[in-house]
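Subject: Structure handover

Hi,

Here is the structure I promised to pass on to you. Have a look at it first, and then read on for what turned up in it.

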Amino acid sequence: PAEKRAMTHRLVMVGSLTPNEGYETAIDALVHLPHTELVIGGGPPAPDVAAHAEARRLYARADKVGVRDRVHIIGKVRPEKLPALLRSADAVVSLPWYEPIGLIPLEAMACGTPVVAAATGGVRDTVVDGITGYLVSSRNPVRLADTIRQLFDDEVRRAGFGVAGADRARARYSWDRVAVDTLSAYGWCVAAPPRTARAGMH
């Protein structure tokens, strides 16, 4: 699945195979994105996908809206295979209803792949709208398709998002930077006056 393909464009989503990951929104968006395939990684190992309840539901939805031949649920992706899958995409889409961390968008950015993600939770910090990707509503397939089409139609912007995303991932989210920021936060907490002292100032 990480290899290049016959379709003009590829979207990749990765996460747990559950309804709150927003896969159905992306499937509905495919109706407005001809010559585009959606590869979904996550859930059980590949041999068990056909029997998985959520996979069956998503395939049924894809069949109903006429895009079944362009939706591929590949099952669990091993960590060592994930970078190649993310790099194979024209855009990585992440549409969870709530996402406290935003790890998949960050991993996509580290791979130099543009991100289209739901503006929720930690993703609003991870993805810089209009710089490393686009932030969208998690449940609006028409708006999602319009946003993805803008990205597909502008190769220069797509490349720019990839470069900016990789730079941000290295600069803001390396373990060295995380350690420095953590120490800084603890230092601020230690240096701050006790709450009772602050209360007495008023």
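β1 (9–14) and β4 (91–94) each give at least two residues to the lining of the largest cavity. The residues around that cavity are M13, V14, E21, Y23, V93, S94, L95 and P96, and the space inside comes to about 30 Å³. A search of the whole structure turns up one cavity of 30 Å³ or more. Please keep in mind that this is a predicted model, and that every value here is computed from it.

There is also open space to look at. The second largest pocket holds about 150 Å³. Its lining is made up of V14, G15, S16, E21, L82, S94, P96, E99, L103, I104, P105 and E107. Which helix supplies the largest share of that lining? Helix α4 (residues 103–110) does, with four residues. If you put the two linings side by side, you will find V14, E21, S94 and P96 in the list for the pocket and again in the list for the cavity.

Y23, from the cavity lining, brings us to helix α1. In this helix Y23, T25, A26, I27, D28, A29 and L30 are buried. That is seven of its eight residues, so α1 is largely enclosed by the rest of the structure. What do the buried residues of α1 pack against? Their partners are β1, β2, α2, β3 and α6.

Helix α2 comes next, since it is among those partners. It runs over residues 53–65, and its 13 residues reach 19 Å from the first C-alpha to the last, close to the 18 Å expected at 1.5 Å a residue. Its buried residues are E54, A55, L58, Y59 and A62. Viewed down the axis of α2, these fall within an arc of 135°, so they line one face of the helix. The general background is that an α-helix has 3.6 residues a turn, so residues three or four places apart point the same way. On the face of α2 turned away from the buried side sit the exposed residues A53, D63 and K64. The cover over the buried residues of α2 includes α1 (23–30), β2 (36–41) and β3 (71–75). Just after α2 comes G66, with a positive phi near 85°.

Now to the charged pairs, which may be of interest to you. How many salt bridges does the structure hold? There are nine. One of them joins the side chains of R57 and E24, at 2.5 Å from N to O. R57 belongs to helix α2 and E24 to helix α1, so this pair ties together parts that are 33 residues apart in sequence. R57 has a relative accessibility of 34% and counts as partly exposed, and E24 is also partly exposed, at 27%.

R61 and D28 meet in a salt bridge too, at 2.9 Å from N to O. Here again R61 lies in α2 and D28 in α1, so the pair links parts 33 residues apart in sequence. Are these two partners buried or exposed? R61 is partly exposed, with a relative accessible area of 23%, whereas D28 is buried at 15%, because buried means under 20%.

A further salt bridge pairs E80 with R78, where the closest N and O atoms are 2.7 Å apart. E80 is exposed, with a relative accessible area of 52%, while R78 is partly exposed at 47%. Salt bridges that share partners join E24, D28, E54, R57 and R61 into one network.

Finally, a word on S138. Where is it found? S138 sits in the loop between β6 (133–136) and α6 (141–153). At 15% relative accessibility, S138 counts as buried. Leaving aside residues up to four places away in sequence, S138 touches T25, L95, P96, W97 and A118. L95 and P96 appeared above in the cavity lining, and T25 among the buried residues of α1. The C-alpha atoms of S138 and Y23 are separated by 9.8 Å, with the two residues 115 apart along the chain.

Happy to talk any of this through.

Best wishes

Note on methods: Residues are numbered from 1 along each chain as its sequence is written. This is a predicted model: local features need pLDDT of at least 70, side-chain atom pairs count only at pLDDT 80 or more; totals for chains, interfaces and linings use all residues. Side-chain values use heavy atoms; hydrogens and water are left out. The expected span of a helix is 1.5 Å times one less than its number of residues. Buried means under 20% relative accessible area, exposed over 50%, partly exposed in between (1.4 Å probe, protein chains only). The arc is that of the directions from the helix axis to the C-beta atoms. Contact means heavy atoms within 4.5 Å. A salt bridge is a side-chain nitrogen of Lys or Arg within 4 Å of a carboxyl oxygen of Asp or Glu. On a 1 Å grid over the protein atoms alone, a cavity is a set of points where a 1.4 Å probe fits but cannot get out, and a pocket is an open set with protein on both sides within 12 Å along at least five of seven lines; lining residues have an atom within 4 Å of a point. Grid points are joined across faces, edges and corners, and a volume is the space filled by probe spheres set on the points.
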